[in-house]
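Here is a short tour of one protein model. Keep the sequence and the 3D view side by side as you read.

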Amino acid sequence: MEPSGLESPTVRRSLLQDLRFPSSQDAQPAVESQIEVLEPPGARSPDTPVINLVNQILVEALDCDASDIHVEPQEFGLEVRFRQDGVLRKHFEQLPASLIPAVTSRFKIMADLDIAERRLPQDGRIRRIYKGRKMDFRVSTLPSRHGEKVVLRLLDSNANQLGLDHLITSERARQLVREMGSKPYGMILVTGPTGSGKSTTLYAMLAERNNPGINISTVEDPIEYTLPGITQTQVNRDKGYDFSLALRAFMRQDPDVLLVGETRDLETAKTAIEAALTGHLVLTTLHCNDAPGAITRLDEMGVEPFLVSSSLIGIISQRLVRRVCPTCRITYRPDPAELRRFGLLASQEFETSFYRANITAHGASTAAQPVRERVTKGASVSLKSCR
């Protein structure tokens, strides 16, 4: 007997034909074909020299594992620098100043930006396939004295690389973060400077929670990673679509877990806290120096202390730590005086290790009952009280 209703294969085929929808087998290749393959310079001879130059910049940045590309117009030429291990390095000789308009226009065309608009900043996105990986470039243009500066943030959109085991080396911190992320409701804050991997940590937590049994929605500016099975939306301030409006819309869509790219104003903070207090898990980032500073930052925004103490699960503070080159490093044994400068003892020599540049140093603190009581009373919260 054939299944009844919309589950019937005959009905499904009829609907696809009548509405002219592609089948699931045909849809995937169409999506993949829209993403261009990034090829090394010289692989495609018909391209113009400017296209080859821009492709060379992108390819070299990917090959050397750069996190950012800076294309900076100067008075006598165009500088190109890559950020590697947290430090900007020059990778090209200064290009002629005559190339500035062509190179910046090429980047804007690839990011689907308005090449005629040169007086206002613009944000866009480039997606390419390189060596079998889907790579995203977050593009930002800024008018400067000698032309438009272009900065690209490199993002590997492959969700299978996300994981707390790869991001957090401390077993205690990893267990604490996992425990916080497993809560059914409440708010988790991730703090740290720009580029420290806050969004990566949030998506690693989402990847562990992601399953068909829960509804996960994210609002970001812009969308940095693609994670199958979740609903992702990007703010559009020109149309009045901001974080708080997206959060209110999420609340009408039966959510379980919400991710807010950044909490930067009172309205967004209050809406996120209301969601956390009504049975939803809310993950968001906050710009401040350390974990206790997040509570002070919320207070400065105007959020009442009793709302913070009632909704907050915990705060994660992280920094990106530079690594020692594994090829040219040599063994060095500091004397006791040097160890004391860093609060270490000679007996801790074998307990101290270095981190790779793409691994973050995390410090996580949960909102235990004594901390909640101090926050409710409006008392100051120090690092010691959060431990």
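## A buried acid and its partner

Asp136 is buried, with a relative accessible area of 0%. The model is a predicted one. Which residue forms a salt bridge with Asp136? The partner is Arg127, and the closest N and O atoms are 2.8 Å apart. Arg127 is partly exposed, at a relative accessible area of 27%.

## More salt bridges

How many salt bridges does a search of the whole structure find? The search finds 18. Three of these pairs appear in the table.

| Salt bridge | N to O distance | Accessibility of the acid | Accessibility of the Arg |
|---|---|---|---|
| Asp136 and Arg127 | 2.8 Å | Asp136, 0% | Arg127, 27% |
| Glu117 and Arg119 | 3.8 Å | Glu117, 18% | Arg119, 72% |
| Asp221 and Arg237 | 2.6 Å | Asp221, 33% | Arg237, 42% |

Take the pair of Glu117 and Arg119. Glu117 counts as buried, because its relative accessibility of 18% is under the 20% cut-off. Arg119 counts as exposed, because its 72% is over 50%.

Now take Asp221 and Arg237. Asp221 sits in the loop between strand S9 (216–220) and strand S10 (231–234). Arg237 sits in the loop between S10 and helix H8 (243–250). The two residues are 16 apart in sequence, so their salt bridge ties together separate parts of the chain. Both ends are partly exposed: Asp221 at 33% and Arg237 at 42%.

Some salt bridges share partners. In this way Asp165, Glu171, Arg174, Arg178 and Glu208 join into one network.

## The nonpolar cores

The largest nonpolar core has 30 residues. Those with the most contacts inside it are Ile57, Leu58, Ile69, Phe82, Phe107, Phe137 and Leu152. Several elements each supply at least two residues of this core. The helices are H3 (49–63) and H4 (100–110). The strands are S2 (68–74), S3 (77–84), S5 (122–130), S6 (133–144) and S7 (147–156). Which element gives the largest share? That is H3, with 7 residues.

Look closely at Leu152. Beyond its sequence neighbours up to four places away, Leu152 touches a mixed set of residues, among them Leu58, Ile69, Phe107, Ile126 and Phe137. Its contacts also include Ser67, Asp68 and Arg138.

Another core lies apart from this one. That second core has 28 residues, including Phe250, Ala272, Leu298 and Ile315.

## Helix H3 up close

H3 has 15 residues. From first C-alpha to last, H3 reaches 21 Å, close to the 21 Å expected at 1.5 Å a residue. The buried residues of H3 include Ile51, Val54, Ile57, Leu58, Ala61 and Leu62. Asn52 and Asn55 are buried as well. An α-helix has 3.6 residues a turn, so residues three or four places apart point the same way. What covers the buried residues of H3? The cover includes S2, S3, H4, S5, S6 and S7.

Asp63 is also in H3, and counts as partly exposed at 44% relative accessibility. Asp63 and Tyr130 are 67 residues apart in sequence, but their C-alpha atoms are 10.0 Å apart in space. A polar contact of 2.7 Å joins their side chains. Asp63 also touches Lys131.

## An aromatic pair

A search of the whole structure finds 2 aromatic pairs. One joins Phe82 and Phe92: the ring centres are 6.1 Å apart and the planes lie at 85°, so the pair is edge-to-face. Phe82 belongs to strand S3, while Phe92 lies in the loop between strand S4 (87–90) and H4, 10 residues apart. Both Phe82 and Phe92 are buried.

## Positive phi angles

Most residues other than glycine have a negative phi. Here are some with a positive value. Asp65, which follows H3, has a phi near 55°. Asp112 has a phi of about 60°. Asp112 lies in the loop between H4 and S5 and is exposed, with a relative accessible area of 69%. Lys131 has a phi near 55°. Lys131 is in the loop between S5 and S6, and counts as exposed at 66%.

Definitions and conventions. Residues numbered from 1 in each chain as written. Predicted model: local features only at pLDDT ≥ 70, side-chain atom pairs only at ≥ 80, totals over all residues. Heavy atoms only, no water. Core = buried A, V, L, I, M, F, W, Y, C linked by side-chain atoms within 4.5 Å. Buried < 20%, exposed > 50% of the residue type's maximum accessible area, 1.4 Å probe, protein only. Helix = DSSP H or I, 4+ residues; strand = E, 2+ residues; numbered from the N terminus. Contact = heavy atoms within 4.5 Å. Salt bridge = Lys/Arg side-chain N within 4 Å of Asp/Glu carboxyl O. Phe/Tyr/Trp six-rings, centres within 6.5 Å; stacked < 30°, edge-to-face > 60°. Expected span 1.5 Å × (residues − 1). Polar contact = N/O pair within 3.5 Å; in protein donor to acceptor, adjacent residues only side chain to side chain.
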